[in-house]
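This report looks at the charged pairs of a chain, at a buried region around one of its strands, and at one of its helices. Please read it alongside the sequence and the coordinates.

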Amino acid sequence: MPLDTHLLLGALPYATMSWLGRTIVSIMAVVDRANERVRRGLTHRTWWVRVLSIVILCVVAGAPIGAALGLLGWMYGSAALLAVAVGYLILRSTLVGLLAIIANITLLPFAAVPIDIGFSPTFLDLALAGLYFVWVSRLLARIDTRFVTTPTTLPLLVFAMLAVVSYIRGLEHSALTANNLRHFAEILLSLLLFIVVTNTVRSRERLQIAVMALMVGGAFAALVGVILYILPSHLTVRALSMLRVVRYPTGLDVLRYIEDNPELPLRATSTSVDPNVLGGMLIFTTTMTTAMALARKPLLPRPLLFGMLAIMFSCIIMTYSRGSFAGLVAALGLLALIRYRKLFWIGLVAFALLLLLPQTQAYVSHYIEGVQGQDLATQMRFGEYKDALILIGRYPWFGVGFSGTPDIDTYLGVSNVYLLIAQQMGIVGVAVFLAAIASYALHFLGAREALHADRDLEPIALGVTLAVFGGLVGGLFDHYLFNLVFPHASSLLWLSLGLGAISIKLAADPGGVPPQQSVWLG
């Protein structure tokens with residue numbers, strides 16, 4: 001093939017995205033002009049102009065709405081109209097795209113479009129695709145001209161590159177399937193979400209809105225979990241089965257028990273399907289909310305924050321997730337140690353209530369059994385750890401990829417995020433993952449003085465950083481932070497790291513973050 005043909009093919013994706021970016025900007029400009037004309041018509045001093053404007057607006061807005069409801073029915077028609085509205089807002093604002101991702105992570109992490117195109121794209125897939133598309137289009141159209149980097153950016157990119165290498169190497173012994181490729185793409189997009197966040201959340205206002213969305217979303221998910229937990233089982237099954245329209249499980253399978261034994265206590269799941277995944281998400285949101293509730297200048301009323309904390313703490317107990325509880329205790333303990341000493345006394349009171357209240361005795365017994373290694377779940381974990389070490393010993397450097405193992409006597413999967421990464425990407429992958437986390441930690445420690453002087457950013461940076469720490473402690477006992485089945489959990493990790501990195505950069509080096517003209521637009 002001639003050289004000029006190679007150059008043409010190489011430039012084609014760039015030209016296409018650049019054209020799309022300019023096209024979107026042009027369409028938005030036309031919409032803005034139309035909105036301005038409508039506004040002027042509705043506020044015109046002549047009465048018949050106002051009446052004519054109202055009639056035209058009703059026809060233009062009502063015709064497609066009526067057509068959608070008439071052709072698709074009220075349920076699918078309403079969903080289609082809502083999707084169009086959200087899609088339009090995402091095209092107008094990367095912040096809206098980010099809030100859509102947060103809503104998916106906290107409230108409907110497994111929701112999928114009820115359409116089969118070889119696979120069913122999840123709501124999270126669509127939100128991520130929309131956010132990436134708008135951000136890349138703005139870059140190529142030169143609307144955003146500066147690329148924000150942090151000390152974590154380079155090791156993260158290396159980690160993502162190694163993930164691609166391991167995935168391709170794994171295809172030597174495993175067949176490539178559309179479903180597996182989609183799940184890997186989701187994990188890759190969740191990793192790179194860190195870079196998108198640090199380049200689209202460039203103002204204090206956007207940062208505060210994103211953190212508030214995480215706290216409120218976590219509290220609402222916890223409230224749903226508590227309500228469904230205390231309802232009679234048949235009502236809980238009926239309520240959760242209503243989510244069948246977005247590809248959620250139905251029937252008695254929505255109820256989760258300790259060791260999957262209905263004779264043992266029920267575990268709260270909210271809309272997260274898995275109680276451990278719900279507990280992992282609550283590590284992040286509970287830690288952020290705690291730091292904000294104790295802040296000098298909280299973003300929300302303090303009584304409301306403490307009410308949210310009570311709900312989230314209750315829900316994490318109801319999940320019976322011992323790893324999540326350990327992660328939360330580690331995060332809050334470190335928060336008390338480095339900033340809010342009064343949290344020690346609050347923790348002692350909570351711990352005493354946990355030990356003394358009759359309603360929590362089943363949880364205490366379950367936790368003690370886990371520590372002593374007496375229950376079936378813990379013994380199975382020990383077996384997984386042993387098998388994982390065997391696999392890592394055979395393929396120590398770059399792992400076996402994400403699709404399966406080359407040996408019939410081994411399997412891929414272990415309830416420990418670090419061992420799982422070592423299985424998939426080898427010791428090199430784990431080392432780069434830890435290097436990315438360490439680079440962020442050093443960035444945070446270097447900015448402690450600047451953060452302490454900023455009462456707006458300090459609780460955000462503290463809460464997000466220690467939430468990540470708690471999640472990584474919880475990762476010692478589970479694998480959801482880097483698992484193809486749970487891309488929303490991985491998205492939560494790197495989203496939180498991105499919010500933390502930009503809060504540190506705003507406090508320590510505000511000149512290194514280009515300003516944004518508007519909170520919502522762009």
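In this predicted model, the side chains of R204 and D454 meet in a salt bridge, with N and O 2.6 Å apart; a salt bridge is taken here as a side-chain nitrogen of Lys or Arg within 4 Å of a carboxyl oxygen of Asp or Glu. This pair links distant parts of the chain, since R204 sits in helix α7 (residues 204–230) and D454 in the loop between α16 (448–452) and α17, 250 residues apart. Helices (H or I, at least four residues) and strands (E, at least two) are DSSP runs, numbered from the N terminus. R204 counts as partly exposed at 30% relative accessibility, whereas D454 counts as buried at 12%; buried means under 20% relative accessible area, exposed over 50%, and partly exposed in between, with a 1.4 Å probe and protein chains only. R204 and D454 also belong to a network of salt bridges that includes K297 and D456.

Residues are numbered from 1 along each chain as its sequence is written. Because the model is predicted, local features need pLDDT of at least 70 and side-chain atom pairs count only at pLDDT 80 or more, while totals for chains, interfaces and linings use all residues; side-chain values use heavy atoms, with hydrogens and water left out.

By the salt-bridge rule the count comes to twelve, and three of these pairs are set out below.

| Pair | Closest N to O distance |
|---|---|
| R204 and D454 | 2.6 Å |
| R256 and D274 | 3.6 Å |
| E458 and R339 | 2.7 Å |

The salt bridge between E458 and R339 likewise links distant parts of the chain, with E458 in helix α17 and R339 in the loop between α11 and α12, 119 residues apart. E458 is buried, with a relative accessible area of 1%, and R339 is partly exposed, at 22%.

R256 and D274 form a salt bridge too; R256 lies in strand β1 and D274 in the loop between β2 and α9, so the pair ties together parts that are 18 residues apart in sequence. R256 counts as partly exposed at 22% relative accessibility, and D274 counts as buried at 16%.

What does R267 have as its nearest side chain of opposite charge? That side chain is D274, 6.1 Å away, and R267 is buried yet has no salt bridge; Lys and Arg count as positive and Asp and Glu as negative, with His and the chain ends not counted. R267 is placed in strand β2 (residues 266–267), and its side chain reaches the backbone oxygen of Y320 at 3.4 Å. Leaving out residues up to four places away in sequence, R267 touches ten-odd surroundings that include Y229, R256, Y257, P275, M318 and Y320, where contact means heavy atoms within 4.5 Å. "Ten-odd surroundings" was a loose phrase; stated exactly, R267 touches Y229, R256, Y257, I258, P275, N276, M318, T319, Y320 and S321.

A268 lies in the loop between β2 and α9 and is buried, with a relative accessible area of 2%. Apart from neighbours within four places in sequence, A268 is in contact with G225, Y229, P275, L278, C315, M318 and T319. The C-alpha atoms of A268 and V224 are 9.4 Å apart in space, although the two residues are 44 apart in sequence.

Two loop residues have a positive phi although neither is glycine: R247, near 70°, and V273, near 65°. Most residues other than glycine have a negative phi. R247 lies between α8 (233–241) and β1 (256–257) and is partly exposed at 42% relative accessible area, while V273 is found between β2 and α9 and is partly exposed at 29%.

Helix α11 (residues 322–338) has 17 residues and reaches 24 Å from its first C-alpha to its last, close to the 24 Å expected at 1.5 Å a residue, the expected span being 1.5 Å times one less than the number of residues. Its buried residues include R322, F325, L328, L332 and L335, and the buried residues of α11 pack against α9 (275–293), α10 (302–318), α12 (342–356), α13 (361–372), α14 (376–394) and α17 (458–474).

Over the whole chain there are 18 helices and two strands, and 50% of the 522 residues count as buried.

Key. A polar contact is a pair of N or O atoms within 3.5 Å; within protein, one must be able to donate a hydrogen and the other to accept it, and residues adjacent in sequence count only if both atoms are side-chain atoms.
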